[in-house]
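Me: I should like to take a close look at a single part of the protein shown below. Please answer in connected prose, at a level suitable for a first-year student.

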Amino acid sequence: GGGKKLVYVDLDDQLFTWYRSRRTDPTHKSIASADIRREKVTFRHLEKEGRRISKELNHSLPSSSWFFRFMKSNGLSLQRPKRQDKIPLDEVLLNYILIKFNDDI
């Protein structure tokens, strides 16, 4: 199974590498949270970079739908990761208990 084979494997690889240089995978365990990159990457920015890379590689320019499929097949998102910015629930509970305990004294 598995769907259609990639036509521009080198473009796919280079664009993925470019994307990861701007936005680190937040689920990657071996990267310190201070080293996680969260630059905003717009769809237009992704298309512009993809077209630049495809010109370098002497490929025909990919369509907008190619970029949508690229994002989907690689499981990428253009949204800023929110979960990393939030305070963990156990930390919130601990702070609440400490505040409540201090108020009762």
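Which exposed residues are carried by the face of α3 turned away from its buried side?

Reply: The model is a predicted one, and everything that follows should be read in that light. The exposed residues on the face of α3 turned away from its buried side are Phe68, Lys72 and Ser73. To see what this means, it helps to begin with the whole protein and then return to the helix.

The protein has 105 residues, of which 23% are buried. Its secondary structure consists of 4 helices and 0 strands, and from the N terminus on the order of elements is α-α-α-α. Among the contacts with a separation of 6 or more, 62% are between residues that lie 24 or more positions apart.

Helix α3 comprises residues 64–73, and its buried residues are Trp66, Phe67, Phe70 and Met71. Why do these four count as lying on the same side of α3? Around the helix axis they cover an arc of only 140°, which places them together on that side. A general rule helps in reading such a pattern: an α-helix has 3.6 residues a turn, so residues three or four places apart point the same way. Trp66 and Phe70 provide an example, because they are 4 residues apart in α3 and are thus separated by about one helical turn.

The next matter is what the buried side meets. The buried residues of α3 pack against two other helices, α1 (9–22) and α2 (43–56). One residue of α1 to consider here is Phe16. Phe16 is partly exposed, with a relative accessible area of 28%. Leaving aside residues up to four places away in sequence, Phe16 touches Phe70, Asn74 and Leu76. Phe16 and Met71 are 55 residues apart in sequence, while their C-alpha atoms are 9.0 Å apart in space.

A residue of α2 adds to the picture of the neighbouring helices. Glu49 lies in α2 and, although it is a charged residue, it counts as buried at 14% relative accessibility. Apart from residues up to four places away in sequence, Glu49 touches Leu15 and Trp18.

The aromatic side chains deserve separate attention. In the whole structure, 4 aromatic pairs are found. In one of them, the rings of Phe43 and Phe68 have centres 4.4 Å apart and planes at 20°. Planes under 30 degrees apart count as stacked, so the pair of Phe43 and Phe68 is stacked. This pair links distant parts of the chain, with Phe43 in α2 and Phe68 in α3, 25 residues apart. The two partners also fall into separate classes of accessibility: Phe43 is buried, with a relative accessible area of 18%, whereas Phe68 counts as exposed, at 52%. Phe68 therefore belongs to the face turned away from the buried side of α3, yet its ring is paired with that of a residue in α2.

A further stacked pair is formed by Trp66 and Phe70, whose ring centres are 5.5 Å apart and whose planes meet at 15°. In this pair both residues are buried. Taken together, ring pairs link Phe43, Trp66, Phe67, Phe68 and Phe70 into a cluster.

Helix α3 also takes part in the largest pocket, which has a volume of about 240 Å³. The residues that line this pocket are Lys4, Lys5, Leu6, Val7, Tyr8, Asp12, Trp66, Arg69, Phe70 and Ser73. Helix α3 gives the most to this lining, with 4 residues. By class, the lining has 5 nonpolar, 1 polar and 4 charged residues. Trp66 and Phe70 thus appear both among the buried residues of α3 and in the lining of the pocket. Ser73, for its part, is one of the exposed residues of the opposite face and is also among the lining residues.

Finally, the chain beyond the helix may be noted. Following α3 is Gly75, whose phi is positive, near 65°.

In summary, α3 has one side with the buried residues Trp66, Phe67, Phe70 and Met71, which pack against α1 and α2. The face turned away from that side carries the exposed residues Phe68, Lys72 and Ser73.

Definitions and conventions
Residues numbered from 1 in each chain as written. Predicted model: local features only at pLDDT ≥ 70, side-chain atom pairs only at ≥ 80, totals over all residues. Heavy atoms only, no water. Buried < 20%, exposed > 50% of the residue type's maximum accessible area, 1.4 Å probe, protein only. Arc of directions from axis to C-beta. Contact = heavy atoms within 4.5 Å. 1 Å grid on protein atoms, 1.4 Å probe; cavity = no way out; pocket = protein on both sides within 12 Å on 5 of 7 lines; lining within 4 Å. Points joined across faces, edges and corners; volume = space filled by probe spheres on them. Phe/Tyr/Trp six-rings, centres within 6.5 Å; stacked < 30°, edge-to-face > 60°.
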